[in-house]
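Trainee: Hi! Could you walk me through this one?
Mentor: Sure, let's look at it together.
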Amino acid sequence: MRLGINLGYWGAGMDADNLAVAQEADRLGYSVCWAAEAYGSDAATVLAWVAARTERIDVGSAIFQIPARAPAMTAMTAATLDTLSGGRFRLGLGVSGPQVSEGWYGVRFDKPLARTREYVEIIRKAMSRERLTHSGEHWTLPLPDGPGKPLKLTVHPVREHIPVYIAAIGPKNLEQTGEIADGALLILYSPEHAEETTLGALRAGREKAGRTMEGFDVVPTVPLAVGDDLDALADTFRPYTALYVGGMGSRRQNFYNRLAQRMGYEKEAAEIQDRYLAGDKDGAAAAVPRRLIDSTTLIGPVERIADRMRAYAEAGVTTLTLAPAGFTLDERLASLRAGVAALERSGLA
């Protein structure tokens, strides 16, 4: 099992710290550094900057939002980043959610699975440097009855195959991800519930494509906090879990809330959402069950974290992406080093 680092969103006042975190992860031998985007900083610019200031670590989008870019533009960006980084780019994609897709980009959040499948098909064709043609429900290239003609990507990526990852939560999305992608970007991943919430659907998709899970990258982002006071450490992640379970999306469309329900937290997920959407964020955080935090984060001393890392590996994880807690650079760097120490202690390094 390899380690990754997730820098999250840029522009929160800790940009210089984030670069230092990426550079320390590079020095420590982390496999990949991911950056996110929502409706603030864009991930492509951040990844170009990080790639220019690091040497070995891969850089990955977690995620590029599908409604934000035409698929050919995403192929151009991926090819450019792979070239600039010397073959270190990983392309992570996701449909985002209805609020961002429709409110920020003006793109209807309809048929996300079909849209994702077409998007990946176009990107792969473009990055293979074929002349780009496509006739689908969502995109037609070139447009008919116009001056456009099939064009070929002029940039030569370093690698013949740039790995494609998809952010997936629901069963149908997970199955399709297993079928069409090289890896899955996951959140709120619980080893105790991995088979029924995640792995079964991914495996079904791989089988549909005539493949096994061999070589498929299972990549959850897991919050990390090191220390001896487990209650205090768990409390640091209550707002994080409440945000996803209670506040991401609408009452009708919250994929993370449904995931918590599939883990067996139906009543708790409903209460967290009710409180969060009513504006009671503190109450929503307090309603997050401790065992949900324990099963979806890495908290405690290095020895306990090493035990949990073994559980993640046994639950199919191939790249464990850490999101270190801490308000200071020193705290975050210490967490990075503790992650390496825990991996070595676990015997998985």
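Trainee: Is Trp104 buried or exposed?
Mentor: Trp104 is exposed, because its relative accessible area is 52% (buried means under 20%, exposed over 50%, partly exposed in between, with a 1.4 Å probe and protein chains only). Keep in mind that this is a predicted model, where local features need pLDDT of at least 70 and side-chain atom pairs count only at pLDDT 80 or more, while totals for chains, interfaces and linings use all residues. Residues are numbered from 1 along each chain as its sequence is written, and side-chain values use heavy atoms, leaving out hydrogens and water.
Trainee: Cool. How many aromatic pairs are there?
Mentor: The count is nine (rings of Phe, Tyr and Trp, the last by its six-membered ring, pair if their centres lie within 6.5 Å; planes under 30 degrees apart are stacked, over 60 edge-to-face, the rest tilted). Tyr39 and Trp104 make a tilted pair, with 6.0 Å centre to centre and 50° between the planes.
Trainee: And where do those two sit in the chain?
Mentor: Tyr39 is in the loop between β2 (32–35) and α2 (43–52), and Trp104 is in the loop between α4 (98–103) and α5 (112–127), 65 residues apart. Helices (H or I, at least four residues) and strands (E, at least two) are DSSP runs, numbered from the N terminus.
Trainee: New topic: why does Asp58 count as buried?
Mentor: Because its relative accessibility is 16%. Asp58 belongs to strand β3, residues 58–61.
Trainee: What is Asp58 in contact with, beyond four places in sequence?
Mentor: Asp58 touches Ser31, Val32, Cys33, Arg88 and Arg90 (contact means heavy atoms within 4.5 Å).
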